[in-house]
Amino acid sequence: METRELRYFVAVAEELHFGRAAERLGIAQPPLSRAISRLERRLGAVLLERTSRAVTLTEAGAVLLREGRAALDAVAAAERRTRRAATGPHGLVLATKAGASGELLAKLLDAYAAEPDAVSVDVLLCGIGEQERLLRDGRADVALLHLPFDATAGLDTEVLHTEGQVLVLPAGHPLAGRPHVLMAEVTDLPDLPLPRWPGPDGTYPDGPGPQARDTAQLYQLIALGRACVIMPESGGVHLRGDLATVPVLDAPPVTTVIAWPPHSRSKAVADLVRTATGL
């Protein structure tokens, strides 16, 4: 397959509409439809079910969407890393979710800076789930990811820390004074629904909770009594005064890992990983 074909298919699979996909790609709709049909014939698989009213992914199409995104990210990463290498020695770019693992990150940067061969580290703070994509497409050399929320398939990782989760809610809420809560109690709070985060394609899932783009926006919604959230313990350490945290006993533990591309031969990346695992 050619990267052009993959870009065409991913656009249609994400939009689920040939007209919108063609507009996004900057091409006419008829050649886009022909390109997808040729791809299906070559693969011997139906990728999209088309009716007069809707376009839906088949099981084979869902597989190609996942693999196609990864392949396009790999191509983009190869280009970006090659361009950076051509400019000579450079520092590292570390991607991490804004507001997460703050204490761990500070310790890591201080410890690494004390190493004799340390290079500069640019910290790229990003939104929910973005750090994985930045690492895969070459905009970051290393990232802090959080299991089970982030995917690590195809990446090399080392475990740094495992912690429980807490419920963040308005300070005056009746549950704020409890020693702990259970997941079932959180999902039964009609006045404080859990937020909805955007998926990889930027769309929000259906649900009663408010749409949230980042933690600053989310904290404002919680303070106003419009939402609550379950998050790792470390994320609730330095909260504003109008918010409170309560441990959630049966919430799945969150594991922070440091991740990097498996083909990386960077000594700086290796040194940073070694420093992180040694904390």
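Start by selecting strand β10, residues 254-260, together with β6: the two run antiparallel and are joined by seven bridges. What you have on screen is a predicted model. Within this pair, find T157 and look across to β10, where A259 stands opposite. If sheets are new to you, strands of a sheet pair through backbone hydrogen bonds, either parallel or antiparallel.

**Widen the view to the sheet**

Now add the other strands. You should have an open sheet of five strands in the order β4-β3-β5-β10-β6, and the pairing is mixed. Which strands stand at the edges? Colour β4 (121-126) and β6 (156-163): each has a single partner strand, so one side of each is left without a neighbour in the sheet. Turn the view a little and follow the strands across; neighbouring ones are turned by 25 degrees against each other on average, direction ignored.

**Add a helix**

Next, select residues 267-277, which form helix α9. This helix lies across β3 (92-97), β5 (142-147), β6 and β10. Compare its direction with that of β10: the angle is about 160 degrees.

**Zoom in on one residue**

Stay with the sheet and pick T96, in strand β3. Is T96 buried or exposed? Its relative accessible area is 0%, so T96 counts as buried. Show its surroundings and you will find that, leaving out residues up to four places away in sequence, T96 touches L105, V123, L124, L125, C126, Q131 and L144.

**Visit the largest pocket**

Time to look at empty space. Rolling a probe the size of a water molecule over the atoms shows where such space is left. Select I128, G129, F149, D150 and P198, the lining residues nearest the centre of the largest pocket. This pocket holds about 1,200 Å³ of space, and 45 residues line it. Colour α4 (59-86), α6 (130-136), α8 (215-223) and β8 (229-232) to see the elements that give two or more residues to that lining. By type, the lining residues are 19 nonpolar, 13 polar and 13 charged.

**Finish at the second largest pocket**

For the last stop, select S101, G102, E103, L104 and S234, which lie nearest the centre of the second largest pocket among its 21 lining residues. How many of those lining residues are charged? Three are, alongside eight nonpolar and 10 polar ones. The volume here is about 440 Å³. Two elements from earlier in the tour return: β6 and α9 each supply at least two residues of this lining, as do α5 (102-113) and α8.

Conventions
Residues are numbered from 1 along each chain as its sequence is written. This is a predicted model: local features need pLDDT of at least 70, side-chain atom pairs count only at pLDDT 80 or more; totals for chains, interfaces and linings use all residues. Side-chain values use heavy atoms; hydrogens and water are left out. Two strands pair if DSSP finds at least two bridges between them. Helices (H or I, at least four residues) and strands (E, at least two) are DSSP runs, numbered from the N terminus. Axes are lines fitted to C-alpha atoms, for helices over the stretch in contact, and angles run from 0 to 180 degrees between N-to-C directions. Contact means heavy atoms within 4.5 Å. On a 1 Å grid over the protein atoms alone, a cavity is a set of points where a 1.4 Å probe fits but cannot get out, and a pocket is an open set with protein on both sides within 12 Å along at least five of seven lines; lining residues have an atom within 4 Å of a point. Grid points are joined across faces, edges and corners, and a volume is the space filled by probe spheres set on the points. Ala, Val, Leu, Ile, Met, Phe, Trp, Tyr, Cys and Pro count as nonpolar, Asp, Glu, Lys and Arg as charged, and the others, Gly among them, as polar. Buried means under 20% relative accessible area, exposed over 50%, partly exposed in between (1.4 Å probe, protein chains only).
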